[in-house]
Amino acid sequence: MPLLTTLTTHWSAITTTYPPGAIEITVAILSQLLGFWLISTLYLLLDLLYPSFSQTHKLQSSRSQPSRTAILLCFRTVATANLSSTLLHLVLLHFTNYKLTLFTIPSHLPTMREILSDFLYALVTREALFYTIHRALHHPLLYRHIHKQHHSFTTPMALAAQYAHPVEHLLANVMPIVLPLALRRAHILSFALFLTAMLLETASVHSGYDFAGARRHDLHHEKFRVNYGASVGVLDWLFGTDVVGWDRKGKGKGEEKKEE
Ligand SMILES: [Zn+2]
Ligand SMILES: [Zn+2]
């Protein structure tokens, strides 16, 4: 396969030319740009360029959509948070001379079997971590001081996926995605695929559209104490917090009161 041979040659050259820390931060930035910023921009453009299509496919009514001011505030906050964490990552790598990485960077590409095994393991572990931490963040004490910021969007949009208090961003967004594969010392490209897929998933479940797999998490933003899980949802089913369909007029089963 010529494409595979070309990719292997390029990857091998990258691993011998650049230090591990430089490869790690490049992978992190590219995943964030592709999986989060690009897809979030496309969802926003859909609102602007195709308003009638957008209106037909929005899960919540046009009256409850975020205002222009809210979108701009969200953009500024998320962009600042992204730049700050990249800067912090750079400082940490600088002090270790770019020699350290949480992952493995061999000169060969990961095998398909390795990628699938890493993906499945990380997906299950991330779901367990995210569900537990997210549910804890709904405890009144933590909610008021931390999680309320993310819930200020009762009608979410893709960019709002990362609109969160820094503590929440670290504990609920970053850690459940990074830790499982860091503990396994996975191949960095296998991690990059998982990270990009999860960023794409978080942007999509916040998109507010009925075709992007957003129904479950959209209901979490609208109704608060349901659907705590990420993409899998099995823990919601197990612990009885699962709500898949909802009568939007407010007659869904077990409607919970909104958080203060
Ligand atoms: Zn929540
Ligand atoms: Zn959310």
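These legends walk you through three close-up views of a predicted model.

**View 1. Five histidines surround the zinc ion (ligand 1).** Start with the metal: its protein donors are the NE2 atoms of His134, His138, His147, His151 and His220, at 2.0 to 2.2 Å from the zinc ion (ligand 1). If you would like to find these donors in the sequence, look for the spacing H-x3-H-x8-H-x3-H-x68-H. Keep a second metal in the frame as well: the zinc ion (ligand 2) sits 6.0 Å from the zinc ion (ligand 1).

**View 2. His138 and His220 link separate parts of the chain.** Here we zoom in on two of the zinc donors, His138 and His220. His138 is found in the loop between α5 (112–137) and α6 (140–147), while His220 belongs to helix α9 (residues 215–223), so this pair ties together parts that lie 82 residues apart in sequence. Are these two side chains' residues buried or exposed? His138 has a relative accessible area of 6%, under the 20% cut-off, and therefore counts as buried. His220 is buried too, with a relative accessible area of 0%.

**View 3. A nonpolar patch lies on the surface.** Now move to the patch, which covers about 920 Å². Its members are Leu34, Leu38, Leu42, Leu45, Leu48, Leu49, Tyr50, Phe53 and Phe211. Which helix gives the largest share of the patch? That is helix α2 (residues 20–49), with six residues. Leu34 is a handy residue to pick out: it lies in helix α2, and its relative accessibility of 51% is over the 50% cut-off, so Leu34 counts as exposed.

Conventions: Residues are numbered from 1 along each chain as its sequence is written. Chains are lettered from A and ligands numbered from 1 in the order in which they are written. This is a predicted model: local features need pLDDT of at least 70, side-chain atom pairs count only at pLDDT 80 or more; totals for chains, interfaces and linings use all residues. Side-chain values use heavy atoms; hydrogens and water are left out. Donors are N, O and S atoms within 2.8 Å of the metal (3.2 Å for Na, K and Ca); water is not among the atoms, so sites may look incomplete. Helices (H or I, at least four residues) and strands (E, at least two) are DSSP runs, numbered from the N terminus. Buried means under 20% relative accessible area, exposed over 50%, partly exposed in between (1.4 Å probe, protein chains only). Patches are made of residues with over 30% relative accessible area and no salt bridge: like charges are joined within 9 Å, nonpolar side chains (Val, Leu, Ile, Met, Phe, Trp, Tyr) within 5 Å. Accessible areas come from the Shrake-Rupley method with a 1.4 Å probe; for residues, only the protein chains shown count as cover. A salt bridge is a side-chain nitrogen of Lys or Arg within 4 Å of a carboxyl oxygen of Asp or Glu.
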